Amino acid sequence: MTLDLNECYAYVFGLVKDAGKIIAARNSEKKSMVEKSSDIDLLTETDQQVERLLMDGITSKYPDHKFIGEEETSAGKKAELTDAPTWIIDPVDGTMNFVHSFPHSCVSIALLINKITEIGIIHNPVLNQTFTACKGKGAFYNGEQIRVSGENRLGHALATTEFGTSRDEEKTSVVLENIGKLVRVVHGIRSTGSAALNIAMVAQGGADFNYEFGIHAWDIAAGDLIVREAGGVCLDPAGGPLDLMSRRFLCASTQELADKIIPLLTQYYPQPRD
């Protein structure tokens, strides 16, 4: 039976809003947490509860759909992207922000069918920010259509990026080297603490490009579609096609701007892949 994507979007949008209510209600509370790969890679009860709400809700209506979820994967389940309808979920992107009650955290969820992204939703319930896209139908912010800035001048470009949750010395050196290179030639660099929201800023036109090494599929899957539907480009930071499972990401308002950024970046290839 062919999946009705409009119905699917409406149903999951409702689940995301329900999940957002949990995050918003707890943002100012003191949180209990555990450390995952390091003392800055954090997991809260809310991450687990939101992921379970989304997965259980989707499974109840679409029992044959698959999942790649951050908390499920961090618990030891191997991420595997097949042609089956697959939801890639980050229940709380920006967990460090959430732990500190810094109001930039969000639900990020995307549906892929035959490895092609059909639906993307990024929802920050604390600041009431919702970015959405369905393939071929444009990108929207709180229901209003959005477009990338169209900026192609490196010296006028505002960038977004993150330090990430790894303090591996080799990776940290590359992160600092790239920031050092770019800060000398771009208009500015911003970091919200949420990879998904950083990417959404490019779709909205508030930033002009975003890049990050060590990122995961659940950080970028929704944002990738939203940026493309807003008229931007998403690709590998070395210039090739984007591989969602590579843990490498670059998006920009224009291909011309991306072509100016790529030669400047010191490349890093995280292992293992997703």
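Here are some exercises with worked solutions on this structure, which is a predicted model.

**Exercise 1. The seven-stranded sheet**

Work out the strand order of the open sheet of seven strands, and find which strands stand at its edges.

Solution. Start with the order: reading across the sheet, you get S3-S4-S5-S6-S7-S8-S9, and the pairing is mixed. Next, look for strands with a single partner. These are S3 (66-69) and S9 (144-146), so each of them has one side left without a neighbour in the sheet. As for twist, the average from one strand to the next is 20°.

Now zoom in on the S3 edge. S3 runs parallel to S4 (residues 86-93), and four bridges join the two. For a landmark, try Phe67, which stands opposite Trp87 in S4.

**Exercise 2. Helices on that sheet**

Which strands does helix H2 lie across, and which does helix H6 lie across?

Solution. Take H2 (residues 45-61): its strands are S3, S4 and S5 (106-113). Its direction is at about 155° to S4. With over 145° counting as roughly antiparallel, H2 is therefore roughly antiparallel to S4.

Then take H6 (residues 195-204). Its list is S4, S5, S6 (116-124), S7 (129-134), S8 (139-141) and S9. Against S7, H6 runs at about 70°. The range 65 to 115 degrees counts as roughly perpendicular, so that is the label for H6 and S7.

**Exercise 3. The five-stranded sheet**

Do the same for the open sheet of five strands: give its order and its edge strands, then place helices H5 and H6 on it.

Solution. The order is S11-S10-S12-S14-S13, again with mixed pairing. At the edges you find S11 (188-190) and S13 (233-235); each has a single partner strand, so one side of each lacks a neighbour in the sheet. Neighbouring strands here are turned against each other by 20° on average, direction ignored.

At the S11 edge, S10 (residues 158-160) pairs with S11 in the parallel sense over three bridges. One pair to look for is Leu158 with its bridge partner Gly188 in S11.

Now the helices. H5 lies across S11 and S12, at about 160° to S12. H6 lies across S10, S12 and S14 (248-252), at about 150° to S12. So H6 turns up on this sheet and on the seven-stranded one.

**Exercise 4. How H6 packs on H7**

What is the relative direction of H6 and H7, and which residues make the contact?

Solution. The axes of H6 and H7 (residues 217-229) come within 9 Å and cross at roughly 5°. The two helices are therefore roughly parallel to each other. From H6, the contact uses Ala195, Ala196, Ile199, Val202 and Ala203. From H7, it uses Asp219, Ile220, Gly223, Asp224, Ile226 and Val227. Sort these by type and you have eight nonpolar, one polar and two charged residues.

**Exercise 5. The cavity**

How many cavities of 30 Å³ or more does a search of the whole structure find, and what lines the largest?

Solution. The search finds one, and its volume is about 60 Å³. The lining consists of Thr161, Glu162, Phe163, Lys171, Val174, Val175, Asn178, Ile179, Tyr211, Glu212 and Phe213. Map these onto elements: H5 (169-183) and S12 (209-213) each supply at least two residues. H5 gives the most, with five. By type, the lining divides into six nonpolar, two polar and three charged residues.

**Exercise 6. Backbone oddities**

Where does the backbone depart from the usual phi sign and the usual peptide geometry?

Solution. Start from the general rule: most residues other than glycine have a negative phi, and most peptide bonds are trans. Asn128 has phi near 55°, a positive value, and it sits in the loop between S6 and S7. The peptide bond from Gln271 to Pro272 is cis, with omega near -5°. Pro272 belongs to the segment after helix H8 (255-261).

Key:
Residues are numbered from 1 along each chain as its sequence is written. This is a predicted model: local features need pLDDT of at least 70, side-chain atom pairs count only at pLDDT 80 or more; totals for chains, interfaces and linings use all residues. Side-chain values use heavy atoms; hydrogens and water are left out. Two strands pair if DSSP finds at least two bridges between them. Axes are lines fitted to C-alpha atoms, for helices over the stretch in contact, and angles run from 0 to 180 degrees between N-to-C directions. Contact means heavy atoms within 4.5 Å. Angles under 35 degrees count as roughly parallel, over 145 as roughly antiparallel, 65 to 115 as roughly perpendicular and the rest as oblique. Ala, Val, Leu, Ile, Met, Phe, Trp, Tyr, Cys and Pro count as nonpolar, Asp, Glu, Lys and Arg as charged, and the others, Gly among them, as polar. On a 1 Å grid over the protein atoms alone, a cavity is a set of points where a 1.4 Å probe fits but cannot get out, and a pocket is an open set with protein on both sides within 12 Å along at least five of seven lines; lining residues have an atom within 4 Å of a point. Grid points are joined across faces, edges and corners, and a volume is the space filled by probe spheres set on the points.
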